[in-house]
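Biologist: Please take me through one part of this model slowly, the parallel sheet and what surrounds it. I am new to reading structures, so keep the steps short.

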Protein chains: 2
Amino acid sequence: MSTLRVVQWGLGAMGSGMARLVASKEGMQLVGGIDTRPEYVGRPLGEVLGIDADLGVDVTDDPASVLDPEKVDCVVIATTSWVKEQIGDLRTILEAGINCVSIAEEMASPEAQSPEIAEELDELAKKNGVSIIGTGVNPGLSMDTLVVALTAGCLEVTSIEATRVNDLSPYGPTVMRTQGVGLSEEEFRKGVEDGTVDGHIGFPESARMISDALGLGIDRIEQKREPIVSTVKRETEHITIEPGMVAGCKQTLLGYRGDEVVLTLVHPQQVLPELEGQGTGDYITIHGTPEVSMQINPEYAGGKATQAIAVNVVPRVVEASPGLKNMLDVPMTGALMGPSAYTRRV
Amino acid sequence: MSTLRVVQWGLGAMGSGMARLVASKEGMQLVGGIDTRPEYVGRPLGEVLGIDADLGVDVTDDPASVLDPEKVDCVVIATTSWVKEQIGDLRTILEAGINCVSIAEEMASPEAQSPEIAEELDELAKKNGVSIIGTGVNPGLSMDTLVVALTAGCLEVTSIEATRVNDLSPYGPTVMRTQGVGLSEEEFRKGVEDGTVDGHIGFPESARMISDALGLGIDRIEQKREPIVSTVKRETEHITIEPGMVAGCKQTLLGYRGDEVVLTLVHPQQVLPELEGQGTGDYITIHGTPEVSMQINPEYAGGKATQAIAVNVVPRVVEASPGLKNMLDVPMTGALMGPSAYTRRV
């Protein structure tokens with residue numbers, strides 16, 4: 001195994017966690033950090049990350065200065081949830097002839113909402129002999145890749161339900177705002193309409209991944225964002241929810257094949273669900289032969305897992321054939337704990 | 001997608017189930033059946049399988065008569081649990097230039113116990129431009145592939161425990177005998193010594209798959225087979241267990257890295273565990289960051305799931321690069337429910 005040389009693009013909470021993980025992994029080397037924050041640019045990358053190691057590079061806001069395909073095997077980019085906001089940077093990476101992992105939720109399966117961008121990325125990657133993949137805990141693992149894995153031993157699948165119940169308490173003001181936490185029911189519904197309450201980004205992408213991987217034939221999806229109105233007082237470090245106020249957003253996707261619902265994804269995100277007796281967890285039910293009913297309690301941890309899977313998939317995207325991939329196009333990714341994890345018999 | 005043409009080798013309980021599944025799948029065609037049972041040879045394959053379709057072929061005991069690489073994409077073989085018993089037939093398939101799926105438990109990772117055979121199969125497959133894979137529900141899915149999938153979002157993995165609790169009640173005399181059901185404790189221990197009580201076949205293979213995929217560095221394994229002595233009367237269609245008699249076999253594997261146990265696999269197989277308050281299920285715990293605790297209740301159904309996964313993996317082995325593969329070398333397999341499931345962006 002030769003060492004994989006990685007550049008981290010975006011040094012926010014997620015990106016800096018990923019960069020620290022790359023720096024800590026046997027078999028990987030963190031060779032660059034790109035960010036536009038004035039307080040980071042020009043400072044030693046190790047210092048910005050708060051790690052002891054002298055990495056020998058400074059944070060730069062000029063991607064061209066570090067994107068040398070002779071010196072970099074992969075860029076991991078953590079800058080936004082949306083493909084249309086990231087496409088310029090993705091073009092820069094692929095045109096430089098470097099493989100790419102993105103944690104933009106929509107990149108888990110850009111075909112879902114931006115088929116023309118997916119086609120462009122696939123062509124651009126192939127033209128430059130590299131590959132690009134989108135991943136994260138959700139979309140990317142808990143409500144799509146794991147769902148497909150659980151069908152591997154099914155003679156038949158008639159329909160699928162996946163539910164992810166999590167607790168937003170650890171998150172700060174941005175997440176509270178985009179999930180509508182602390183709003184009145186009316187403000188919440190207005191927020192959904194005007195786009196200020198986003199809810200979860202990634203359901204169309206998970207549905208597309210599952211449908212493509214199984215041949216489920218989903219031809220139409222419906223999404224709903226509903227307020228979770230609290231019946232009790234919920235108090236966190238960042239916010240206090242009085243009874244009658246919104247504690248979070250319950251997002252639902254229905255995937256239809258013709259008139260039949262073959263996929264149901266449910267993701268209630270709220271602060272302190274256990275105060276109303278709801279435990280956190282990932283729940284997947286495969287209806288078919290055999291029936292399969294899985295749960296993970298508590299839920300597969302959000303932020304850390306996204307950082308981890310983005311780094312764990314780096315060897316897969318480096319060794320993949322050129323083009324746009326998703327998590328179900330490459331061999332299953334596990335945690336990278338030693339040399340043999342970096343090589344596959346592909 | 002072009003139709004995948006499959007020959008089923010071995011038409012016992014598992015093999016005939018797999019053949020029926022192939023015959024039922026859109027995108028697959030069952031083009032041959034190989035078996036040595038005199039009561040099957042020469043009879044129409046559809047009739048032997050008890051399906052209405054006229055498949056246009058008779059069961060044959062002469063593999064050479066059907067193994068034409070111009071007419072067959074993949075052979076699925078279900079004849080034995082042991083690599084050394086199957087190696088002659090595997091050579092025949094690979095030398096004919098045809099891809100192969102085997103449900104022999106030891107074929108899930110033949111490197112584990114027969115490294116020289118693994119090397120031979122890899123070379124033979126490459127020489128003939130085809131690939132070969134071993135699979136099944138266990139080994140192949142519930143105690144290895146799913147374990148690795150659950151680590152995908154881990155920053156770090158320190159150790160892993162996987163337990164599979166199942167009920168042997170549906171099985172007949174052969175399984176009862178090889179699991180030691182109905183013996184006295186002394187007879188059981190003697191049976192383990194003289195090899196008549198096999199227990200579960202596949203733990204060294206699962207351990208090897210996990211260790212290789214994660215780079216866990218397991219350098220030594222220990223296996224134990226212990227009697228499950230019943231404290232209550234357990235009665236099935238096939239057998240009656242009095243209190244004090246053996247109701248099944250509890251098999252344990254410890255995987256060491258140096259002096260440290262990094263993997264524990266536990267598989268108590270018995271009749272009617274619920275009579276002593278034990279529910280059936282698959283339980284996986286990943287110790288690390290984050291901790292992940294998963295359960296599937298009841299356990300992922302044994303026989304049907306092995307039939308299903310062997311057929312579901314056919315497109316993966318057909319499209320794989322030449323050589324010996326395991327379930328973690330190819331993109332994750334899901335149930336094949338429609339055309340898009342047969343093609344990947346590999």
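Modeller: What follows starts at the sheet and works outward to the neighbouring parts and the second chain.

One caution comes first: this is a predicted model.

Start with chain A. Six of its strands form an open sheet. Read across, the order is 2-1-3-4-5-14, and the pairing is parallel. Strand 2 (28–34) and strand 14 (323–325) of chain A stand at the edges. Each has a single partner strand, so one side of each is left without a neighbour in the sheet. From one strand to the next, the twist averages 20 degrees.

Now zoom in on one pair of strands. Strand 4 (residues 99–102) and strand 5 (residues 131–134) of chain A run parallel, joined by three bridges. To find the pairing on screen, look for A:Ser102, which stands opposite A:Gly134 in strand 5 of chain A.

Which helices lie across these strands? Helix 3 (residues 83–95) of chain A lies across strand 1 (4–9), strand 3 (74–77), strand 4 and strand 5 of chain A. Helix 3 of chain A runs at about 170 degrees to strand 3 of chain A. Helix 4 (residues 115–127) of chain A lies across strand 5 and strand 14 of chain A. The angle between helix 4 and strand 14 of chain A is about 125 degrees.

How do the records label this chain? An unreviewed UniProt entry places the annotation "domain: Dihydrodipicolinate reductase N-terminal" on residues 9–81 of chain A. That span is 23% helix and 16% strand. Its end C-alpha atoms lie 14 Å apart. A further annotation, also from an unreviewed UniProt entry, is "domain: 2,4-diaminopentanoate dehydrogenase C-terminal". This one covers residues 142–340 of chain A. Over those residues the chain is 26% helix and 33% strand. The end C-alpha atoms of this stretch are 25 Å apart.

Turn to chain B. Its open sheet also has six strands in the order 2-1-3-4-5-14, with parallel pairing. The edge strands are strand 2 (28–34) and strand 14 (323–325) of chain B, and each pairs on one side only. The twist averages 20 degrees from one strand to the next. Strand 1 (residues 4–9) and strand 2 of chain B pair over six bridges in the parallel sense. Within that pairing, B:Arg5 has B:Gln29 in strand 2 of chain B as its bridge partner. Helix 3 (residues 83–95) of chain B packs on the sheet. This helix touches strand 1, strand 3 (74–77), strand 4 (99–102) and strand 5 (131–134) of chain B.

Next, compare that parallel pairing with some antiparallel strands. Nine bridges join strand 6 (residues 156–167) of chain B to strand 12 (residues 281–289) of chain B, and the two run antiparallel. Here B:Glu156 stands opposite B:Thr289 in strand 12 of chain B. Strand 12 of chain B also runs antiparallel to strand 13 (residues 292–296) of chain B, with five bridges between them. In this pair, B:Ile284 stands opposite B:Met294. A hairpin links strand 12 to strand 13 of chain B through two residues.

Look at the loops as well. In chain A, A:Pro290 lies in the loop between strand 12 (281–289) and strand 13 (292–296). The peptide bond joining A:Thr289 and A:Pro290 is cis, with omega about -10 degrees. In chain B, the bond from B:Asn297 to B:Pro298 is cis too, with omega near -10 degrees. B:Pro298 is found in the loop between strand 13 and helix 9 (302–312) of chain B. Another loop residue is A:Leu272, between strand 11 (260–270) and strand 12 of chain A. Its phi is near 50 degrees, a positive value in a residue other than glycine.

A few side chains deserve a stop. The charged end of A:Arg220 sits over the ring of A:Tyr256, 4.0 Å from its centre. In chain B, the charged end of B:Arg220 sits over the ring of B:Tyr256, again 4.0 Å from the centre. Aromatic pairs number zero over all chains.

How are the two chains related? A rotation of 180 degrees, with 0.0 Å of shift along its axis, superposes chain A on chain B with an RMSD of 0.0 Å. That is the relation of a two-fold axis. Within chain A, A:Pro331 comes closest to the rotation axis, at 2.0 Å for its C-alpha. Of the interface residues of chain A, 100% are also interface residues in chain B, so the copies meet through the same surface.

Methods
Residues are numbered from 1 along each chain as its sequence is written. Chains are lettered from A and ligands numbered from 1 in the order in which they are written. This is a predicted model: local features need pLDDT of at least 70, side-chain atom pairs count only at pLDDT 80 or more; totals for chains, interfaces and linings use all residues. Side-chain values use heavy atoms; hydrogens and water are left out. UniProt positions are given in the numbering used here, feature names are shortened, and annotations may be inferred rather than shown by experiment. Helices (H or I, at least four residues) and strands (E, at least two) are DSSP runs, numbered from the N terminus. Two strands pair if DSSP finds at least two bridges between them. Rings of Phe, Tyr and Trp (its six-membered ring) pair if their centres lie within 6.5 Å; planes under 30 degrees apart count as stacked, over 60 as edge-to-face and the rest as tilted. A charge sits over a ring if NZ of Lys or CZ of Arg is within 6 Å of the ring centre and within 35 degrees of the ring normal. Copies are superposed by least squares on the C-alpha atoms of residues with pLDDT of at least 70 in both. Contact means heavy atoms within 4.5 Å. Axes are lines fitted to C-alpha atoms, for helices over the stretch in contact, and angles run from 0 to 180 degrees between N-to-C directions.
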